[in-house]
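Follow the chain through its helices, the packing between them, and a few single residues in loops and strands. Keep the structure in view while reading.

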Amino acid sequence: MAADKIVPVALELGGKSPMVVMGDADLKRAVAGAIAGMRFTRQGQSCTAASRIIVHRSLIDEFLAEMKAAVNAMVMGDPLDEATDIGTIISKQQFEKVKAYIKRGEADGGVAHSLSQVPTDPKLGEGYYVQPVIFTDLPSDSPVITEEIFGPVTALIPFDDYEEAVEIANSSEYGLGATIWTKDLKTAMNAVHRLEAGFVQVNQNLVVLPGLSYGGFKKSGIGKEASLEAMLDHFTHKKTIIINMT
């Protein structure tokens with residue numbers, strides 16, 4: 001329709017958001033950020049889900065152990081029940097897509113750490129429940145690492161030095177969101193400029209907030225939304241005016 005009418009358009013086309021955890025990061029804070037960032041309470045159905053968690057090799061074993069323990073403690077159940085932490089996938093089609101990605105990750109040689117427990121209540125037997133999965137040992141070209149899944153599936157990727165971490169983070173064709181976790185301000189400021197993403201955070205993994213421009217680079221789309229800046233850009237016209245009164 002936009003093409004037919006030749007009108008401006010903003011496109012938010014998804015992401016494969018990296019979360020870079022440096023060796024000096026606050027481990028517990030980063031693990032909590034990974035769980036919040038993966039949006040497990042939404043079954044990972046978020047464009048900015050932290051689906052590539054890039055962790056310094058010195059921390060990765062402890063990081064995995066703490067993240068598994070925290071996600072295992074989350075309750076899967078009826079989305080309308082206040083006691084439930086994790087509900088269902090939105091549709092059968094998406095459910096089957098997510099399950100296919102998990103099988104592909106295992107076929108690629110990855111270790112799938114399936115977490116929490118699918119509800120056993122017979123009344124919920126037809127629900128599209130997918131256990132959260134953290135993959136380790138995946139090859140870098142696995143679709144689980146390169147493609148947006150839109151489900152509760154993430155991958156832990158080790159790195160040895162900062163330059164390698166930035167290279168891994170920027171290796172995606174997407175560029176929507178990214179986070180850097182470190183106690184070193186110099187490292188953080190370097191990363192926010194070098195990470196190829198339109199929405200970058202340091203030591204937090206919050207959702208989009210009203211008033212903050214939101215939009216991505218590369219195949220994540222064009223334009224911004226959710227802010228006055230975006231509104232002015234998309235709903236006003238720029239005009240060049242030259243006046244000569246002589």
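**Helix α4 and its surroundings**

Just after α4, G109 takes a positive phi of about 100°. The model is predicted, and this helix is a good place to enter it.

Start with its length. Helix α4 runs over residues 92–107, which makes 16 residues. At 1.5 Å a residue, the helix should span 22 Å, and its end C-alpha atoms are 22 Å apart, so expectation and model agree.

Now look at which side of α4 is covered. Q94, V98, Y101, I102 and G105 are its buried residues. Viewed down the axis of α4, these buried residues fall within an arc of 100°, so they line one face of the helix. The spacing follows a general rule. An α-helix has 3.6 residues a turn, so residues three or four places apart point the same way. What does the buried side of α4 pack against? The partners are β5 (133–136), α5 (143–146) and β6 (153–159). Turn the helix over, and the face away from the buried side carries Q93, K103 and A107, which are exposed.

K92 also lies in helix α4. Is K92 buried or exposed? Neither label fits: at 48% relative accessibility, K92 counts as partly exposed, because that class lies between buried, under 20%, and exposed, over 50%. K92 also has a partner in space from elsewhere in the chain. G127 is 35 residues away along the chain, yet the C-alpha atoms of K92 and G127 are separated by 9.1 Å.

**Two helix pairs**

Move on to helix α7, residues 185–194. Its buried residues are T187, A188 and A191. They cover an arc of only 100° around the axis, which puts them on the same side of α7. That buried set packs against α6 (162–169), β8 (177–181) and β9 (199–202). On the face turned away, L185, K186 and H193 are exposed.

The α6 partner deserves a closer look. The axes of α6 and α7 are 11 Å apart and meet at an angle of about 25°. The two helices are therefore roughly parallel to each other. Their crossing is right-handed. Which residues make the contact? From α6 come Y162, E163 and V166; from α7 come T187, N190, A191 and R194. T187 and A191 belong to the buried set of α7, and both meet α6 here.

Compare the pair formed by α2 and α3. Helix α3 covers residues 60–72, and it packs on α2 at an angle of about 50°, with the axes 10 Å apart. That makes α2 oblique to α3. The crossing of α2 and α3 is right-handed. On the α2 side, L27, K28, A30, V31, A34 and I35 make the contact. On the α3 side, E62, F63, E66, M67, A70 and V71 do so.

**Loops and a strand**

After α2 comes a loop that leads to β3 (52–56), and S46 is found there. With a relative accessible area of 8%, S46 is buried. What does S46 touch, leaving aside residues up to four places away in sequence? Its contacts are R39, E148 and F150.

F150 is worth following up. F150 sits in the loop between α5 and β6. Its relative accessible area is 29%, so F150 is partly exposed. Its phi is near 60°, a positive value in a residue other than glycine.

K218 shows another positive phi in a residue other than glycine, near 50°. K218 is placed in strand β10, residues 217–218. At 37% relative accessibility, K218 counts as partly exposed.

Finish in the loop between β4 (111–114) and β5, where L124 has its place. Not counting residues up to four places away in sequence, L124 touches G77, D78, P119 and Y129. L124 can also be placed relative to T88. The two are 36 residues apart in sequence and 10.0 Å apart in space, C-alpha to C-alpha.

Definitions and conventions
Residues numbered from 1 in each chain as written. Predicted model: local features only at pLDDT ≥ 70, side-chain atom pairs only at ≥ 80, totals over all residues. Heavy atoms only, no water. Buried < 20%, exposed > 50% of the residue type's maximum accessible area, 1.4 Å probe, protein only. Helix = DSSP H or I, 4+ residues; strand = E, 2+ residues; numbered from the N terminus. Arc of directions from axis to C-beta. Contact = heavy atoms within 4.5 Å. Expected span 1.5 Å × (residues − 1). Axes fitted to C-alpha atoms, helices over the stretch in contact; angles between N-to-C directions. Parallel < 35°, antiparallel > 145°, perpendicular 65-115°, else oblique. Left-handed = near helix turned anticlockwise from the far one by under 90°.
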